[in-house]
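Student: I have a structure to go through before group meeting. Could you take my questions one at a time?
Tutor: Certainly; please show it here.
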Amino acid sequence: MGVAFANSLLLRQALTHRSVLHDWLPLEGVLAILQSNERLEFLGDAILGAITAEYLYNRDGDADEGQLTRRRVAAVRAETLVRWSRELGVHECLYLGTGEHVSQGARDRMLAGAFEALVGAIHLDQGRDAADRFVLGFLERDLDEIFRQESVANPKGRLQEVVQEQDHIEPEYETIATEDPDHAREFTVVVKVRDALLGEGQGRSKRVAEQEAARAALAQLGVVDSP
């Protein structure tokens with residue numbers, strides 16, 4: 001993890017799911033020492049958001065408020081926090097209640113929460129500078145790849161951000177053809193900026209066709225690799 005805790009109880013608390021408290025409730029004095037990570041998760045969520053916001057503010061000097069907000073949300077979405085938690089080995093040392101059987105989705109939520117709790121614990125144990133170093137180690141390494149994946153998952157949103165940043169207008173989508181071969185309707189959509197064609201896409205719905213057109217436009221602009 002790269003962090004040596006002065007107060008090891010904070011680390012243990014950050015890794016303790018609330019289900020443990022039900023098992024340990026009868027033990028005298030335990031609740032005064034060992035609490036679940038929910039309060040640390042609350043604190044860490046706020047600190048993680050602040051660190052990410054400040055990093056993006058300094059990194060992306062031309063981005064407006066809306067663009068910065070979308071990038072912050074993309075940067076620290078739950079899937080990313082789960083991956084970082086697994087990289088740290090949190091999945092191997094998370095304290096769960098006896099017999100706690102959880103689905104993969106629930107376990108991922110626990111891991112995302114545990115990462116936020118770790119940020120909160122580091123902040124309390126060693127201060128904001130240490131929390132900054134911990135979080136920025138991940139952000140500086142992974143942010144470009146996170147945004148690349150966001151372009152793949154949400155090409156319309158990413159194209160809008162790119163176009164607004166460069167031209168301060170929104171891309172325009174136009175349906176240029178609708179075919180109905182054997183009742184399997186297919187739409188063809190183009191996306192333009194100031195009447196300049198950026199991309200074309202096809203799909204069984206307008207929404208899918210627009211996403212494909214945006215994906216083609218991002219490839220033409222060099223934001224993502226051509227399919």
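Student: How many salt bridges does the count come to?
Tutor: The count comes to 15 salt bridges. Please bear in mind that this is a predicted model.

Student: Which residue does E54 meet in a salt bridge?
Tutor: E54 pairs with R128, at 3.4 Å from N to O. The two belong to distant parts of the chain, with E54 in helix α4 and R128 in helix α9, 74 residues apart.

Student: And are those two buried or exposed?
Tutor: E54 counts as partly exposed because its relative accessibility is 45%. R128 counts as partly exposed too, at 29%.

Student: What other side chain meets R128 in a salt bridge?
Tutor: The side chain of D132 does, with an N to O distance of 2.6 Å. Both residues lie in helix α9, four residues apart, which is about one turn of the helix. D132 has a relative accessibility of 17%, so it counts as buried.

Student: Which residues are joined into one network by salt bridges that share partners?
Tutor: The network consists of R59, D60, R70, R71, D144, R158 and E161. Within it, the closest N and O atoms of R71 and D60 are 2.8 Å apart. R71 lies in helix α5 and D60 in the loop between α4 and α5, so this pair ties together parts that are 11 residues apart in sequence. R71 is buried, with a relative accessible area of 6%, and D60 is buried at 12%.

Student: Changing topic: what is the volume of the largest pocket?
Tutor: Its volume is about 230 Å³. There are 13 lining residues, and those closest to the centre are F147, R158, E161, V162 and V223. By class, the lining has three nonpolar, two polar and eight charged residues.

Student: Where does the largest pocket lie?
Tutor: The largest pocket lies between domain 1 (8–153) and domain 2 (157–221), because both give residues to its lining. Helix α10 gives the most, with five residues.

Student: How much space lies in the second largest pocket, and which element gives the most to its lining?
Tutor: About 160 Å³ lies in the second largest pocket, and α8 gives the most to its lining, with four residues. The lining includes H17, E41 and R109.

Student: Last one: what span should helix α11 have?
Tutor: At 1.5 Å a residue, the 15 residues of α11 should span 21 Å, and the end C-alpha atoms are 21 Å apart, which agrees. Its buried residues include A209, E210 and L218. Just after α11, G222 takes a positive phi of about 80°.

How values were computed
Residues numbered from 1 in each chain as written. Predicted model: local features only at pLDDT ≥ 70, side-chain atom pairs only at ≥ 80, totals over all residues. Heavy atoms only, no water. 1 Å grid on protein atoms, 1.4 Å probe; cavity = no way out; pocket = protein on both sides within 12 Å on 5 of 7 lines; lining within 4 Å. Points joined across faces, edges and corners; volume = space filled by probe spheres on them. Nonpolar A, V, L, I, M, F, W, Y, C, P; charged D, E, K, R; others polar. Domains from an automatic or database assignment. Expected span 1.5 Å × (residues − 1). Buried < 20%, exposed > 50% of the residue type's maximum accessible area, 1.4 Å probe, protein only. Salt bridge = Lys/Arg side-chain N within 4 Å of Asp/Glu carboxyl O.
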